[in-house]
Amino acid sequence: SIHTRLASLTSDDRFFVVQKDSTVCTIFNTLTGEKITDFPFTYKTIYDIPEYVTVSYDGKYFCASSENGMELFEIIDTTTTLLYTDTRDYQAAIFVPTQSDKLLLRVDSAIEIRQIPGFNLIQTLDISAEGATICNIDPASMSLLYYQNHALKVCKINDISETIFKIRSDQKTCKMYNNKLLTYGKGGISFDISPYLSY
């Protein structure tokens, strides 16, 4: 009955949970329901949205971020190690689906993709002029959907500098799956953008 900021199943049958207003990540065995371990993190978000805490597909890495900075952890069995931390202004963090060694970040005036565990920069997109809100990474098409300047934009995760689709919209909370834009709530819609993609 408690809202969560993160509730994620990993490929090794673990369930990661971060409750609303909590700074503790709890890991459960999904086959038995038993608690495996939990660990604290520092950076608590001021918003109740899941993009600020994220776990990799294989459950090996966990990232907590906020406007005050971020912490990146490696998890092996029940041992948690802090790999990286800084105090930049983070607005989102998402591990790339099925690519546990890549982390997408909305930080300061850029969108970045970082290599894990070294936190080396792979790509960056300057958004200082217009800002941006990360919507999600489509796990089927491996495309990034983000909102910028009254429009939804799509780019491939391996080249975030090239926009392959753009549509006027104010749906900042839109998601994409298998090249379908999905809105929720009263009057939610599904729109297949496959015929309009420029690749």
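# Reading the terms in a predicted model

Student: In the hairpin of strand 14 and strand 15, which residue takes a positive phi?

Tutor: Asn149 does, with phi near 55°, and the hairpin has 3 residues between the strands. The model is predicted: local features need pLDDT of at least 70 and side-chain atom pairs count only at pLDDT 80 or more, while totals for chains, interfaces and linings use all residues. Residues are numbered from 1 along each chain as its sequence is written, and side-chain values use heavy atoms, with hydrogens and water left out.

Student: What makes a stretch such as residues 151-156 a strand?

Tutor: A strand is a DSSP run of E with at least two residues, numbered from the N terminus. Strand 15 has 6 residues, so it meets that minimum.

Student: How do you know that strand 14 and strand 15 pair?

Tutor: Pairing requires at least two bridges between the strands in DSSP. Strand 14 (residues 143-147) and strand 15 are joined by 5 bridges and run antiparallel, so the requirement is met. One of the contacts puts Leu145 opposite Val154, its bridge partner in strand 15.

Student: How many bridges join strand 15 to strand 16?

Tutor: There are 4, again with the strands running antiparallel, and strand 16 covers residues 165-168. That count also satisfies the pairing rule. Here Ala151 has Arg168 as its bridge partner in strand 16.

Student: Why is strand 15 called largely enclosed by the rest of the structure?

Tutor: Because 5 of its 6 residues are buried. Buried means under 20% relative accessible area, exposed means over 50%, and partly exposed lies in between, using a 1.4 Å probe and protein chains only.

Student: What makes the contact of Asp12 with Arg14 a salt bridge?

Tutor: The term needs a side-chain nitrogen of Lys or Arg within 4 Å of a carboxyl oxygen of Asp or Glu. For Asp12 and Arg14 the closest N and O atoms are 2.8 Å apart, so the pair qualifies. By this rule the count comes to 7 salt bridges. Asp12 has a relative accessible area of 36% and is therefore partly exposed, whereas Arg14, at 9%, counts as buried.

Student: How do you know that Asp101 and Lys102 form a salt bridge?

Tutor: Their closest N and O atoms are 3.7 Å apart, which is within the cut-off and so passes. Salt bridges that share partners also join Asp86, Arg88, Glu112 and Arg114 into one network. Within it, the side chains of Asp86 and Arg88 meet at 3.4 Å, N to O. Asp86 is buried at 11% relative accessibility, while Arg88, at 21%, counts as partly exposed.

Student: What makes the peptide bond between Ile116 and Pro117 worth a remark?

Tutor: The bond is cis, with omega about 15°. Most peptide bonds are trans, and most residues other than glycine have a negative phi. Pro117 is placed in the loop between strand 11 (110-115) and strand 12 (120-126). Phe119 lies in that loop as well and has phi near 60°, a positive value in a residue other than glycine.

Student: Is Phe119 buried or exposed?

Tutor: Its relative accessible area is 4%, so Phe119 is buried. Met142, in the loop between strand 13 (133-138) and strand 14, also has a positive phi, about 55°. Met142 counts as buried at 16%.

Student: Which strands form the open sheet, and in what order?

Tutor: The order is 9-10-11-12, with antiparallel pairing. Strand 9 (90-95) and strand 12 are called edge strands because each pairs on one side only. Neighbouring strands of this sheet are turned by 20° against each other on average, direction ignored; axes are lines fitted to C-alpha atoms, for helices over the stretch in contact, and angles run from 0 to 180 degrees between N-to-C directions. Strand 9 and strand 10 (residues 102-107) pair over 5 bridges, and Phe95 has Leu103 as its bridge partner in strand 10.

Student: Why is Ala92 called buried?

Tutor: Because its relative accessible area is 3%, which is under the limit of 20%. Ala92 belongs to strand 9, and its C-alpha atom is separated by 7.3 Å from that of Ser65, 27 residues apart along the chain.
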